[in-house]
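Visitor: I should be grateful for a close look at one part of this structure. Please begin with the term on which the account depends, and then set that part among its surroundings.

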Amino acid sequence: MAEERGPEDGGGGGGGDGVLLYYKYAPVPDIDALVRLYESNCRSLGLLGRVRVGPDGVNVTVGGKLSSLDEHIATMKSNCLFDGTDFKLACCDGPADDRISRECGFTSLSVRVVKELVTFIPHPLLKSPSISNAGKHLSAAEFHSVLHNSAGDVDSKGSVQHKQLLLLDARNLYETRIGMFQSPNAETLNPGIRQYSDLPAWIDKHSERLRNNRVLMYCTGGIRCEMASAYLRSKGAGFDNVYQLFGGIQRYLEQFPDGGFFKGKNFVFDYRVSVGSQDVTVMGSCLLCGTSFDDYSSRCRCTYCRMLVLVCKDCKKSSSVYVCELCQRHRSECDPRPSMGDDELLSELSSDLSGPSSMPRFLSSCSTLGQWKLRILCLHGFRQNALGFKGRTASLAKKLKDIAELVYVDAPHEVPFIYQPRSTGDIDETTCSTQQPPPSWSCKKKFAWLVSPTSSSCLEGPGWEMANQPFDPLQYKEQTGGFNESYAFLKEFCSRMGPFDGILGFSQGQFAVLCSGFSLLPYQRSIRCPSLHVYGSSKGRDRQVACQVSIELVGKFDQGCSVVVEHDMGHIIPTQAPYIDQIRDFLRQFLHKPFQCFKGHIDPCIIS
């Protein structure tokens, strides 16, 4: 366990290394001035890490020489804004793993202005609770005393003696897997959430379980409990007895180096990865083989949601694909349909798209109740790949990050590389090399969902094909083959990766959020499916997909079911105002349940 020092320990750190964590909730009168102070002070002292400054305070995790950290603390203490701040300073060795340092943000100094210190309510239209209503602070000794004797009187009122004591862990699932509080006198509630912004939904769902009981809340260093306890208390009558561990697990382990009621290790968000006590109990276990294991230094992540998972060294050698507990649970909750023959495919798709369920059933599984962020499956355009499409939509993903998670996948049809040499009149001695294609090993594979029926559906070997004719801007009219293979591929993919709330497709036809979309199948009935259509206007210079065919696709959807974003920017997905605002407004409608905006019986958990 790294040696912890409180603010009362003062200087004398010498030349050793350490990590400093602290936060302060207080109105910041001049954000720009405070940012400049952090920039100049931390850089002059050689401190690395993360500084977040917002109108409601600061949240800081930095590392460096102990003498420099002591000097930084002294500077902050001279500012009245930091009166009463709990500076948590840990003496420890410097980063042993450069990869972990990069992932934890300890290879540089990042000072950023944020709207709020921790994102508790991800929905942009809802406000986080007031910190002034946060639960009462309990020192580590007080917290321990209450756990030791559940009949103890927390607030010196006899009325609380008969209430049940509940321990509420405000951390994420991967943190709780290596360590948590356990007491025979209290029931520990572990929400099992992937991220902190999922906690409000869990509290809402279990509010009756928490009502009229004593709730002791804890987290790593205390900051998450401030907001979470305020949210719980904001629910009114029956939520008066909410308390939080001041200084979090970190201060508790300082006070009780043998671990006390805390078993295992405390996960931390810096290069230390985790901090233990004198108790060597291993709480975690390998995701794959189940053996006792609690070392996150390998930084293994779920293949699907990217959450940290515990994988022992032996299993890491034999596998590189991991599915976390939450994704496994969601997968078991899905009910993928049995496989069908190709002759059934088209008739089933037609009935599904025009029937009450509004989407093919393999995509219609409801998201987890209370989910605050939409999961959207993104399908790239012709002759692209998932990685390239992710890069092209990086701006879109960034601007939607508070309401949607974008998931990318390669299409099943690999297509050959194509090149077209310049005409003879354009060639001279300096441009002769343009006649030759680049080496195939330097190019990324390209894929398609739909291909020409007369072309090979896959690349039989490396190399390039010379274009037989100039680029045809309406080539999509010839891309009508390979539908059955793509449908079966997506069905299997969604059974593993789903559920999804909707689909975004680019320049490929009938999808949910249709960007330069076009109609492929001759549907006779209108499609009762909420849809967003994004395409270039007649003046939009979209050379790949004609504006008129995208307009015709809109007409295939039930009236009142479609939203159109028409822009003049060519064959792209626009991310500037006012277009991005229209896209966000469309997606926001699906963040609340129940949903009854569109005509007909629309599944409230489906976005398309």
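Guide: Two residues are said to be in contact when heavy atoms of theirs lie within 4.5 Å. The model is a predicted one. In that sense of the word, and leaving aside neighbours within four places in sequence, Lys-316 is in contact with Ser-298, Cys-300, Val-311 and Tyr-322. Lys-316 belongs to helix α10, which comprises residues 313-318. Because its relative accessibility is 40%, and the partly exposed class lies between 20% and 50%, Lys-316 counts as partly exposed. Cys-286 is 30 residues away from Lys-316 along the chain, and the C-alpha atoms of the two are separated by 9.9 Å.

The part chosen for the close look is helix α1. This helix runs over residues 31-45, 15 residues in total. From its first C-alpha to its last it reaches 21 Å, close to the 21 Å expected at 1.5 Å a residue. At the start of α1, the backbone nitrogen of Asp-32 has a side-chain oxygen of Asp-30 within 3.4 Å. After the helix comes Gly-46, which has a positive phi, near 70 degrees.

The burial of α1 is distributed by side. Its buried residues are Leu-34, Val-35, Tyr-38, Asn-41, Cys-42 and Leu-45. Because these residues cover an arc of only 145 degrees around the axis, they are placed on the same side of α1. Arg-36 and Ser-44, on the other side of the helix, are exposed. The elements against which the buried residues of α1 pack are β2 (17-25), β3 (48-54), β4 (57-65), α2 (66-77) and β6 (109-113).

Of these partners, β3 may be followed further. Five of the seven residues of β3 are buried, and the strand is thus mostly covered. Its pairing with β4 is antiparallel and comprises seven bridges. A hairpin through two residues joins these strands, and Gly-54 stands opposite Gly-57 in β4. With β6, by contrast, β3 pairs in the parallel sense, over five bridges. In that pairing Val-51 stands opposite Val-111 in β6. In a regular strand, side chains alternate between the two faces of the sheet.

Another partner of α1, β2, spans residues 17-25. Tyr-23 and Tyr-25 are both buried. A search of the whole structure finds 18 aromatic pairs. Tyr-23 and Tyr-25 form an edge-to-face pair, with 6.1 Å from centre to centre and 70 degrees between the planes. In the pair of Trp-449 and Phe-489, the ring centres are 6.2 Å apart and the planes meet at 50 degrees, so this pair is tilted. Trp-449 lies in the loop between β20 (446-448) and β21 (464-466), whereas Phe-489 lies in helix α15 (residues 483-497), so the pair ties together parts that are 40 residues apart in sequence. Trp-449 is buried, because its relative accessible area is 2%; Phe-489, at 26%, is partly exposed. Elsewhere, ring pairs link Phe-143, Phe-181, Tyr-218, Tyr-252, Phe-256 and Phe-262 into a cluster.

Methods:
Residues numbered from 1 in each chain as written. Predicted model: local features only at pLDDT ≥ 70, side-chain atom pairs only at ≥ 80, totals over all residues. Heavy atoms only, no water. Phe/Tyr/Trp six-rings, centres within 6.5 Å; stacked < 30°, edge-to-face > 60°. Buried < 20%, exposed > 50% of the residue type's maximum accessible area, 1.4 Å probe, protein only. Helix = DSSP H or I, 4+ residues; strand = E, 2+ residues; numbered from the N terminus. Expected span 1.5 Å × (residues − 1). Arc of directions from axis to C-beta. Polar contact = N/O pair within 3.5 Å; in protein donor to acceptor, adjacent residues only side chain to side chain. Pairing = 2+ DSSP bridges.
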